[in-house]
Amino acid sequence: MDLTTRYLGLTLRNPLVASASPLSRTVDGVRRLAAAGVGAVVLYSLFEEQVRREAAENARLVEAGSESFAESLSYFPSVSELDGGPRQYLSLLARASAAVDVPVIGSLNGVTPSGWVEYARAMQDAGAAAVELNIYYLPGDPRVSGRDVEQRHVDVLERVKEAVGVPVAVKLSPYFSSMGEMAVRLDEAGADGLVLFNRFLQPEIDHDALSVSTAVGLSDPAESRLPRTWIALLHGRVQASLAATTGVDTAADVAKYLLAGADVVMTASALLRYGVGHATTLLDGLSDWMLRKEFTSVAELRGLLAVPTGIDETLYERAGYVHAMREANNDLYGPW
Ligand SMILES: Cc1cc2nc3c(=O)[nH]c(=O)nc-3n(C[C@H](O)[C@H](O)[C@H](O)COP(=O)(O)O)c2cc1C
């Protein structure tokens with residue numbers, strides 16, 4: 001059984017990837033993920049805000065040192081040591097990459113096309129096999145235009161591509177007027193992969209405590225339908241690799257994403273929920289299903305149920321929608 005797949009130009013032993021999560025906060029955590037069988041590990045994110053905070057703190061320390069005496073610098077704890085900032089991140093990345101025989105991908109999380117993107121190069125130098133760029137941008141200002149939001153994504157990607165030679169994947173949200181065009185623009189701007197999708201933080205209101213909670217919850221398999229829809233639509237229409245993220249709970253979820261056209265299938269919530277060993281369960285389940293269906297390789301089944309190329313995609317989707325609405329009406333209220 002050949003489970004190998006290509007992602008971002010890399011050959012992976014299988015299509016299951018541990019996506020960014022606290023499970024990769026230590027070298028031991030990354031080792032355990034690799035031992036459970038995943039094809040690659042994406043490290044948790046280094047945030048633009050952490051990079052900026054460290055730069056501001058370093059500038060403050062230099063100023064304090066020049067006013068008193070330079071040796072004082074060594075007595076100050078650096079921000080990076082206090083909150084797991086950039087230096088600590090790069091050190092982990094270097095040690096983790098050396099510790100496992102699967103690719104370790106660094107994750108940069110930010111929204112402005114400015115100096116912090118240089119950290120992509122530092123990640124490359126630390127041994128990252130690739131960089132995943134998480135552009136988590138919710139334009140809260142209602143006067144920001146859709147075109148500006150899209151351009152921001154392209155600008156950030158271009159800055160990162162200028163900084164590194166390793167492949168760059170873009171993790172983005174589904175909330176664009178034309179998700180397909182956004183994907184094509186990123187593809188044309190040099191994205192080596194698209195990671196579909198970011199889960200936006202959707203704050204909850206506690207009406208008794210009169211407070212707002214911003215906790216990140218674990219995902220539900222039903223959430224996988226949106227990314228799967230777009231993977232099925234983009235398969236064969238962009239050069240970039242396609243990574244599925246959200247809602248993988250069982251081996252069936254992995255199989256469905258591959259049938260839709262994903263090159264890799266990522267998982268975080270399920271590993272947090274059931275433990276890292278669940279990766280082995282997912283891979284065993286994938287192999288069993290392939291055996292049952294008489295597939296001998298992942299390449300053979302990938303994209304089998306993608307939206308066919310050479311058709312009018314909009315009509316195709318619309319026809320599916322109208323059919324589904326008819327069926328739902330028939331089921332609930334009897335035939336028309
Ligand atoms: C606790 C937690 C922490 C996460 N941290 C990150 C992160 O640092 N960077 C990132 O890009 N995604 C992060 N994610 C998102 C996951 O990588 C993943 O894209 C998302 O949870 C959907 O996949 P899932 O349904 O398999 O969880 C985090 C998710 C969870 C639940």
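1. At what angle do the axes of helix 6 and helix 7 cross, and within what distance do the axes come? In this predicted model, helix 6 covers residues 146-163 and helix 7 covers residues 179-188. The two axes cross at roughly 25° and come within 10 Å. Because angles under 35 degrees count as roughly parallel, helix 6 is described as roughly parallel to helix 7. The crossing of helix 6 with helix 7 is right-handed.

2. The residues of this contact may be listed by helix. Helix 6 contributes Arg147, Glu150, Gln151, His153, Val154 and Leu157, while helix 7 contributes Glu181, Met182, Arg185 and Leu186. Sorted by class, the contact of helix 6 with helix 7 has four nonpolar, two polar and four charged residues.

3. A second pair is formed by helix 9, residues 251-260, and helix 11, residues 278-292. Their axes lie 8 Å apart, and the packing angle is about 60°. That angle makes helix 9 oblique to helix 11. The crossing of helix 9 and helix 11 is right-handed.

4. Which residues of helix 9 and helix 11 meet? From helix 9 come Ala251, Val254, Ala255, Leu258 and Leu259, and from helix 11 come Leu282, Gly285, Leu286 and Trp289. The contact of helix 9 with helix 11 divides into eight nonpolar residues, one polar residue and no charged residues.

5. A third pair consists of helix 1, residues 27-35, and helix 4, residues 86-99. These helices pack at about 30°, and their axes are 9 Å apart. Helix 1 and helix 4 cross in a right-handed manner. On the side of helix 1, the contact is made by Val27, Val30 and Arg31; on the side of helix 4, by Leu92, Arg95, Ala96 and Ala99. The contact of helix 1 with helix 4 comprises five nonpolar, no polar and two charged residues.

6. Attention may now turn to the ligand. How many residues surround the ligand? The ligand is surrounded by 18 residues, and the closest are Ala20, Ser45, Asn134, Ser219 and Ser269.

7. Oxygen atoms of the ligand have polar partners in the protein, among them atoms of Ser19, Ala20 and Ala268. For Ser19, the partner is a polar side-chain atom, 3.1 Å from a ligand oxygen. For Ala20, a backbone N or O atom lies 2.6 Å from an oxygen atom of the ligand. For Ala268, a polar backbone atom is 2.8 Å from a ligand oxygen.

8. Two loop residues deserve mention for their backbone geometry. Leu196 and Phe197 are joined by a cis peptide bond, with omega about 0°. Phe197 is placed in the loop between strand 8 (193-196) and strand 9 (204-206).

9. Where is Leu210 placed? Leu210 is in the loop between strand 9 and strand 10 (211-213). Its phi is near 50°, a positive value in a residue other than glycine.

Notes. Residues numbered from 1 in each chain as written. Predicted model: local features only at pLDDT ≥ 70, side-chain atom pairs only at ≥ 80, totals over all residues. Heavy atoms only, no water. Axes fitted to C-alpha atoms, helices over the stretch in contact; angles between N-to-C directions. Helix = DSSP H or I, 4+ residues; strand = E, 2+ residues; numbered from the N terminus. Parallel < 35°, antiparallel > 145°, perpendicular 65-115°, else oblique. Left-handed = near helix turned anticlockwise from the far one by under 90°. Contact = heavy atoms within 4.5 Å. Nonpolar A, V, L, I, M, F, W, Y, C, P; charged D, E, K, R; others polar. Near = heavy atom within 4 Å. Polar contact = N/O pair within 3.5 Å; in protein donor to acceptor, adjacent residues only side chain to side chain.
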